[in-house]
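Q: Could you take a close look at the aromatic rings in this one and walk me through how they sit together? I'd like the details first and the wider setting after that.

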Amino acid sequence: MKFWGTNNITAEYNYKKPLFGSYRVLADTAGVQGLEWCSLIEIPFYKGTYILSQLKLIDYYFEEPAASLLFRNILIYADKRKMTVPANLALLKSTDEKISTFLSDAGITFENVDKITEKLYSQYKILMIDGAYNLTENDKINTDLFVKS
C-alpha cells in the first residue's frame with residue numbers, strides 16, 4: 001500500500017494502538033517511534049464488531065485497484081464475521097436479571113451456579129460473582145483455588 005496515488009499517502013489521522021482490551025489490529029502503520037499506530041482496527045462489541053479505518057479507500061477507490069479490492073474485502077469480512085466468545089462463564093448466585101440479560105445479549109455462554117466447587121475448575125475459565133452476594137468462608141477458599149487453577 002506504500003505507493004498509492006501520486007503522493008503515496010495511504011492513510012491519515014491513524015489510531016494510536018490501544019494498550020489493553022479486546023481488539024485486533026488489521027493494518028499497522030509505522031512512524032518515527034515504530035509501530036505505535038494503526039490504520040485499520042477491529043473492536044468486538046456485544047454480538048458484533050466495529051471495524052475502524054483511516055485508510056484512504058474511498059479517495060483511491062477508482063484510481064487504485066488495491067484500494068477497491070481492500071474495501072470490498074473489508075465489507076465481506078464484516079458480513080461474515082462471527083463474534084467469538086473467549087470462554088464459558090459460571091455466574092454465582094445472581095438474582096439480578098440485568099446481569100443475565102447482558103451476558104445473553106453479548107453472546108456469552110454462561111451457567112448460573114449455586115456454589116463454587118472443584119468441578120467448576122475444569123468446566124469454566126471465568127467465574128463471575130454477583131456483587132450483592134455474600135461469600136461464605138467455603139466460597140472464599142474455593143474462589144482462591146479457582147483463581148490459582
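A: Here's a walk through the aromatic rings, followed by the rest of the fold. Keep in mind that this is a predicted model.

Searching the whole structure turns up two aromatic pairs. Take Y61 and F62 to begin with: their ring centres are 5.1 Å apart and the planes meet at 85°, so this pair is edge-to-face. In terms of exposure, Y61 is partly exposed, at 31% relative accessible area. F62 counts as exposed, because its relative accessibility is 80% and the cut-off for exposed is over 50%.

Y61 turns up again in a pair with F71. Here the centres are 6.0 Å apart and the planes stand at 90°, so this is an edge-to-face pair too. The Y61–F71 pair ties distant parts of the chain together: Y61 is in the loop between β4 (48-53) and α1 (65-80), while F71 belongs to helix α1, 10 residues apart. As for F71, a relative accessible area of 27% makes this residue partly exposed. Put the pairs together and you get a cluster of Y61, F62 and F71.

There's one more ring worth a look, this time with a charge involved. K16 lies over the face of W37, 5.3 Å from the ring centre.

Now for the wider setting. The protein is built from four helices and seven strands, and along the sequence they follow the pattern β-β-β-β-α-β-α-β-α-β-α. Three of the strands make up an open sheet, ordered β6-β5-β7, with parallel pairing. At its edges are β6 (110-113) and β7 (126-129), each of which pairs on one side only. On average, neighbouring strands in this sheet are turned by 25° against each other, direction ignored. If you zoom in on β5 (residues 89-92), you'll find four bridges joining this strand to β7 in the parallel sense; L92, for one, has I129 in β7 as its bridge partner.

A few whole-protein numbers round this off. Of the 149 residues, 26% are buried. Among contacts with a separation of 6 or more, 45% come from residues 24 or more positions apart. The exposed surface comes to about 10500 Å², and 56% of it is supplied by carbon and sulfur atoms.

So, back to your rings: Y61 is the residue that appears in the pair with F62 and also in the pair with F71.

How values were computed: Residues are numbered from 1 along each chain as its sequence is written. This is a predicted model: local features need pLDDT of at least 70, side-chain atom pairs count only at pLDDT 80 or more; totals for chains, interfaces and linings use all residues. Side-chain values use heavy atoms; hydrogens and water are left out. Rings of Phe, Tyr and Trp (its six-membered ring) pair if their centres lie within 6.5 Å; planes under 30 degrees apart count as stacked, over 60 as edge-to-face and the rest as tilted. Buried means under 20% relative accessible area, exposed over 50%, partly exposed in between (1.4 Å probe, protein chains only). Helices (H or I, at least four residues) and strands (E, at least two) are DSSP runs, numbered from the N terminus. A charge sits over a ring if NZ of Lys or CZ of Arg is within 6 Å of the ring centre and within 35 degrees of the ring normal. Two strands pair if DSSP finds at least two bridges between them. Axes are lines fitted to C-alpha atoms, for helices over the stretch in contact, and angles run from 0 to 180 degrees between N-to-C directions. Contact means heavy atoms within 4.5 Å. Accessible areas come from the Shrake-Rupley method with a 1.4 Å probe; for residues, only the protein chains shown count as cover.
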